[in-house]
Amino acid sequence: MNKQFPDGFLWGGAVAANQVEGAYLTDGKGLSTSDLQPQGVFGPVQERTEGDFGVKDVAIDFYHRYPEDMKLFAEMGFTVLRTSIAWTRIFPQGDELQPNEAGLAFYDRLFDEMAKYGITPLVTLSHYEMPYGIVKKHGGWGSRDTIGFFENYARTVFTRYKNKVKHWLTFNEINMSLHAPFTGVGLPEDSSKQAIYQAIHHQLVASAKAVKACHEIIPDGKIGNMLLGGMLYPLTCKPADMMETLQQNRDWLFFGDVQVRGAYPAYMKRFFKDRGMEINITAEDKTALKETVDFISFSYYMTGCVTTDEEQNIKARANILNMVPNPHLQSSEWGWQIDPIGLRFLMNELYDRYQKPLFIVENGLGARDKVEADGSINDDYRIEYINDHLVQVREAIEDGVEVMGYTSWGPIDLVSASKAEFSKRYGYIYVDRDDQGNGTLERRRKKSFFWYKEVIGSHGAAL
Ligand code: BG6
């Protein structure tokens with residue numbers, strides 16, 4: 001039997017404002033936290049005034065070139081495109097009462113362009129950036145006031161785009177704050193765990209308030225959370241490794257537990273107690289958290305291992321989350337371990353835990369591409385990666401998991417998040433730009449472009 005993807009399954013790709021748009025001060029945009037990290041989310045935070053600062057300032061100039069890009073996405077048959085709104089285009093400093101009309105108008109044009117091709121927008125409210133003004137003046141998510149600023153922003157965009165955008169996400173990879181506090185919650189990297197968890201709490205309350213606002217303003221809309229699906233396996237079956245793995249998976253599942261179940265899970269009581277932390281959670285916060293998401297979205301790139309054996313616990317920063325490598329898996333050039341079955345495993349785990357529809361909103365292979373003399377780009381490695389993962393998505397669907405869609409990361413080459421590089425490419429569409437910012441920005445179809453088009457056109461039968 002030729003297994004199929006369900007009717008209505010959405011196929012497409014995912015990008016984020018700060019990695020594609022460029023135009024970092026155009027039409028009244030304010031500086032975001034991302035604008036202050038020219039070397040990526042793990043790089044230093046640098047104050048800036050004006051002038052060229054790095055590749056992100058122009059990125060792939062999506063701000064001006066989106067009509068051309070949308071045409072290419074439509075040619076591949078996309079039925080969904082995930083992107084984010086840059087909060088600083090709408091509220092340049094973050095704490096204004098009135099929005100910036102020029103910023104709102106840009107996203108009107110962008111969503112209208114998607115509508116032209118019948119591409120459903122899936123919009124993240126905050127993808128790895130927030131107004132730097134909020135960080136400077138208010139201390140980022142460390143301040144309770146930021147909940148109100150975010151709610152005002154969310155209500156503004158829901159009201160403006162309620163007839164154009166029906167699918168929303170609150171915070172991209174909300175659990176990343178534990179690894180990159182400046183990017184996640186606008187706090188210095190050396191902040192105490194107590195300060196980070198308090199800021200995370202404020203963000204979780206804000207996320208729930210955005211869910212409530214979306215339900216009020218767009219009754220036929222759907223809003224989800226977004227987790228970095230960092231599934232960990234025990235390195236051995238030693239009971240101590242099993243227990244440690246359970247604990248470490250809770251580090252990220254905690255976010256989903258709050259956003260999907262509407263309250264702090266029981267295990268966090270001991271977590272805070274053991275570490276001498278006290279988080280200020282008011283009665284009003286508890287009520288707010290009860291507004292839960294409609295679906296769960298997540299990114300999936302790799303899995304890692306957990307061990308209680310100190311000697312084996314050699315960690316490689318290269319794979320973002322400092323995970324212990326799995327001896328049974330191959331890695332990408334950037335040390336990210338490739339594990340298609342892990343995606344099926346993760347999907348089953350999430351569905352067993354929450355029984356809510358899932359949306360895979362990031363997955364892909366960052367790799368160096370070579371443009372041949374005839375102009376072709378033969379990225380068979382990317383085709384193999386995406387193919388193998390989609391086969392496992394189909395298996396998960398057969399397992400009974402409800403899945404809304406799949407948006408692979410960076411369908412067009414963009415600036416990487418972790419190190420702000422161009423050489424780490426994810427796209428089906430090549431963009432002529434290098435790590436120093438040289439290049440014409442010309443777009444070019446890779447071999448994977450034609451492959452993905454066939455997959456979408458056959459509704460997955462071509463896998
Ligand atoms: C996710 C982020 O962590 O992974 C994206 O949501 C990011 O913004 C993607 O680009 C891939 O990471 P990188 O560092 O290869 O760009």
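So, what packs over the buried residues of α12? The cover includes β7 (295-299), β9 (358-362) and α13 (380-399). Keep in mind that this is a predicted model. The buried residues of α12 themselves are P340, G342, L343, R344, L346, M347 and L350. Yes, R344 is on that list too. As a general point, an α-helix has 3.6 residues a turn, so residues three or four places apart point the same way.

How does the length of α12 check out? The helix runs over residues 340-354, and at 1.5 Å a residue its 15 residues should span 21 Å; the end C-alpha atoms are 22 Å apart, so that agrees.

Right after α12 comes Q355, and its phi is positive, near 50 degrees. Most residues other than glycine have a negative phi, so I went looking for others like that.

Here are two alanines. A59 sits in the loop between α1 (17-20) and α2 (62-76), and its phi is positive, near 50 degrees. Is A59 buried or exposed? It's buried, because it has 27 other C-beta atoms within 10 Å, and 20 or more is what counts as buried.

Then there's A420, in the loop between β10 (403-409) and β11 (429-431). A420 isn't a glycine either, yet its phi is about 55 degrees, positive again. With 23 other C-beta atoms within 10 Å, A420 is buried as well.

Last thing, the ligand. There are 14 residues around it, and the ones that come nearest are E173, G366, S416, A417 and S418. What's the mix in that shell? By class, we get 5 nonpolar, 6 polar and 3 charged residues.

Notes:
Residues numbered from 1 in each chain as written. Predicted model: local features only at pLDDT ≥ 70, side-chain atom pairs only at ≥ 80, totals over all residues. Helix = DSSP H or I, 4+ residues; strand = E, 2+ residues; numbered from the N terminus. Buried ≥ 20, exposed ≤ 12 C-beta atoms within 10 Å, placed from the backbone. Near = placed C-beta within 6 Å. Nonpolar A, V, L, I, M, F, W, Y, C, P; charged D, E, K, R; others polar. Expected span 1.5 Å × (residues − 1). Contact = placed C-beta atoms within 7 Å.
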